[in-house]
Structure formats: structure tokens, C-alpha cells
Amino acid sequence: MAPTNLLGLDLAGLEGFFTEIGEKPFRARQLLQWIHQYRVVNFEDMTNLSKTLRQTLSEKATLSLPEVLHEYISVDGTRKWVMRLSCGNAIEAVYIPEGDRGTLCVSSQVGCALACTFCSTGAQGFNRNLEASEIIGQLWLANKYLGKDPKGRRVVTNVVMMGMGEPLANYNNVIAAMNLMRDDLAYGISWRRVTLSTAGMVPMIDKLREDCHVSLAVSLHAANDKLRDEIIPLNKKYPIAVLLDACKRYVEGHQRRHITIEYVLLAGINDSEKDARDLMRILKDLPTKINLIPFNPFPGTNYTCSSKKVIARFKQQLLDGGCIATVRKTRGDDIVAACGQLAGEVQDKTRRTQSINKTEAIPA
Ligand code: SAH
């Protein structure tokens, strides 16, 4: 049997692992702390485990992380890490500091299958889902690179599943990773500070509501189905009304007070006064915070970003209509780390194309 990578197992997963190897499940709690709090990846150094157990672990388990290929640091303090996976592909994670908050933007897939027309990850196509260890590994590595603040606290206070990929299309691995983010024995981040962003995979939104308590952001980007069908092909399957109903179910009966609505502003496409009015109309029965995202261009795109004046007008119209609306600051664009710019730059693109073809050729 191949050794199990313990990095991606949440409490329940680790308890299952220990039971399977004939050990007491409480060992799981010790392992979580060693791996995620003390960042120890050598079983030999886990000194409160018996020598025999450490020996067993080194035979039956591993603790392997993605390898950081490059670290880029923006003039605004944003940092991006390009990480190489064991399969040779690369993914990206981005850290965005702001005041006393530090947000890590985490990837969930290599590429993305949704093919939203305004997103560079979408243009790259889909390669594979990330393992839970590769998702939580991004947070593990960010903590390692960033160290602690002068008061000894971790600087990553928030996580957004807004990097490459559609997190709800890699459900089980994303849930395991988010359980670890939230677990006090691992990272202990409050559910309010863990946000999953989706383009609208409705059945999975309902499932998430049952399985893992986190904040939800929805990439709406259009106020009518005609346009949304065009820019987010997934809309043909789950149109706006169906998606917004799922959002209502998500907030109902829970402490979750609102849904974040993401709305990328594309010049001449979705940024008119009528678009703003339509947006307010369709959102009127849902508690939301609207986050307007200036479009970040990438090579080959035909879209352009709405002007500053139009963005300000759009936002003001929403505020005047009683909505909560903010404009997302573009961060890290000098290191190509802004929203929709993450493409897991791979040095050898041919190889990537080949490996995509290879994955497609092998039936799952
Ligand atoms: N698949 C998920 C999460 C990934 S992207 C989702 O769709 O929500 C995170 C956010 O960045 C999404 O709202 C996405 O629509 C937006 N985005 C994608 N490309 C962008 C671009 N070029 N400029 C600005 N925002 C973009």
C-alpha cells in the first residue's frame, strides 16, 4: 500500500487512518498540532509519540508539500508563490495584507473547466483537481514564508478560495482543507474568515450548507441570463433564479448573515445604469454585500475594464439604492497576482499541454 500523505487529512480523516493502523484515534489530535501548528513534517521530531509509533508512521505515511518554485513580492506587499506539484504542473497562491488583516487566496484546481470568458484561468483549460494536501499545503507554506507578527500571531487571518479553479467542483478535497483551516488544533480560523467563492454550482451549494460552515461568495457578474449564459457557461445549467434561490437557502436559519456577490466590471458589457438597476432588483430579497471587481486584463482578452468614473457611478447607484457595495482594490498586478490573472505559469508550456492531453486520454 502506498504511504498516506497525512498533510491533507482533517481530524476525522486522521482518526480513520489511526484506527486503520491499529492505533488510538486520539493520536489524530497530536498529529494535527505537530503538522499544522508546529509545522513539523519529520515524524522523528514528534517527541510525544512513542518510538515505535514514529517508526510505523515513517513506514505507512508521508508528509509531503508542494514545492515553492518562485516567490514574487509586489510593491504593495502582496506576495505570490508559484508552487510545483508532484505531477509537474504549477499552481499559485497569493497573500494580500491589508491593515491588521492578511488574506490568503488559495487555488483548488490546476486550471478550471468552467471557461468563463473573462478569466485567464478559464482560458487555460482544466488539468486536474488538487489533493486536499495540495490545498492546505498552500496555507502551510504561506505561514512558513510569512512567519509570525511581532506579537507572535500568524499573519494569515483570512482565507478565500478564490484562486485557480472552481472549489465546488473539487468538493471533498476542498471540504477537508477547509475543515483544517477551521479546526482549533490546526489553524483555528473562524468560519467568517474562510470564504468559498463559486460560479454557481447549485447542488454543491446546498451540500456545503449541510457539511461545512463557511462564508459564501458567488460570482454573479451579470443581472440577466442572456449575458450570464454568454460569460459564464455554467449559467445555462443553473440560471440566475435557481442560483439565487440556493443562496437564500444558504443563509436561511444559520448565523450566516449575508452572501457576498462578486461582480466584475467589464466596459460596455455589464456596467450600465440599467445593469445596476437590474442587479438591485434581482438581489432585493437576499441579504448581500456586493463586491465590484475592476476587470484585470490578461494577454489575449478582448474585454477592458470599466473606467474609474463608471465604476464610481455604478457603486454610487447601488449605495443610493440601499445596497452594501464595495470596490475590490486591485492588488499585486505588478506581479500578475490580481483576480483572474492566476494561470499557474509553467516554465515549459508544451509539457503542460501534453500533460493536459494525457489526462484527457486516460479515463478517470
Ligand atoms: N471559480 C470560483 C473562484 C475563482 S475566481 C468563482 O468563479 O467564483 C475569483 C473571482 O475572480 C471570481 O469572482 C472571478 O469571477 C473573478 N475573476 C475572474 N477573472 C477575472 C478578471 N480577469 N478580472 C477580475 N476578476 C476576475
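The legends below accompany an overview and several close-up views of one predicted model.

In this model, local features need pLDDT of at least 70 and side-chain atom pairs count only at pLDDT 80 or more, whereas totals for chains, interfaces and linings use all residues. Residues are numbered from 1 along each chain as its sequence is written, and side-chain values use heavy atoms, with hydrogens and water left out.

**Figure 1. Overview of the chain, with its twelve helices and 14 strands.** Helices (H or I, at least four residues) and strands (E, at least two) are DSSP runs, numbered from the N terminus. The radius of gyration of the chain is 21 Å, which agrees with the value near 21 Å that a compact globule of 364 residues would have; this radius is taken over C-alpha atoms, and the globule rule is 2.2 Å times the number of residues to the power 0.38. Along the principal axes, the C-alpha atoms fill a box of roughly 70 × 50 × 45 Å. Of the 364 residues, 53% count as buried, where buried means under 20% relative accessible area, exposed means over 50%, and partly exposed lies in between (1.4 Å probe, protein chains only). Among contacts (heavy atoms within 4.5 Å) with a separation of 6 or more, 65% join residues 24 or more positions apart.

**Figure 2. Close-up of Arg-328, in the loop between strand 14 (325-327) and helix 12 (349-361).** Arg-328 counts as buried because its relative accessibility is 17%. The side chain of Arg-328 makes a polar contact with the side chain of Asn-291, at 2.9 Å. A polar contact is a pair of N or O atoms within 3.5 Å; within protein, one must be able to donate a hydrogen and the other to accept it, and residues adjacent in sequence count only if both atoms are side-chain atoms. When neighbours within four places in sequence are left aside, Arg-328 is in contact with Met-162, Glu-262, Asn-291, Leu-292, Ile-293, Pro-294 and Cys-339.

**Figure 3. Close-up of Gly-137, a residue of helix 5 (residues 132-146).** With 0% relative accessibility, Gly-137 counts as buried. Apart from neighbours within four places in sequence, the residues in contact with Gly-137 are Leu-7, Leu-65 and Pro-66. Gly-99 is 38 residues from Gly-137 along the chain, and the C-alpha atoms of the two are separated by 25 Å.

**Figure 4. Close-up of Lys-248, a residue of helix 9 (residues 240-251).** Lys-248 counts as partly exposed, because its relative accessibility is 27%. Not counting residues up to four places away in sequence, Lys-248 touches Asp-285 and Leu-286. Lys-248 and Leu-279 are 31 residues apart in sequence, and from C-alpha to C-alpha they are 16 Å apart in space.

**Figure 5. Close-ups of two loop residues, Arg-39 and His-221.** Most residues other than glycine have a negative phi. Arg-39, although not a glycine, has a positive phi of about 55°, and Arg-39 is found in the loop between helix 2 (27-37) and helix 3 (51-60). His-221 likewise has a positive phi, near 65°, and lies in the loop between strand 11 (215-219) and helix 8 (225-231). Arg-39 is partly exposed, with a relative accessible area of 27%, whereas His-221 counts as buried at 4% relative accessibility.
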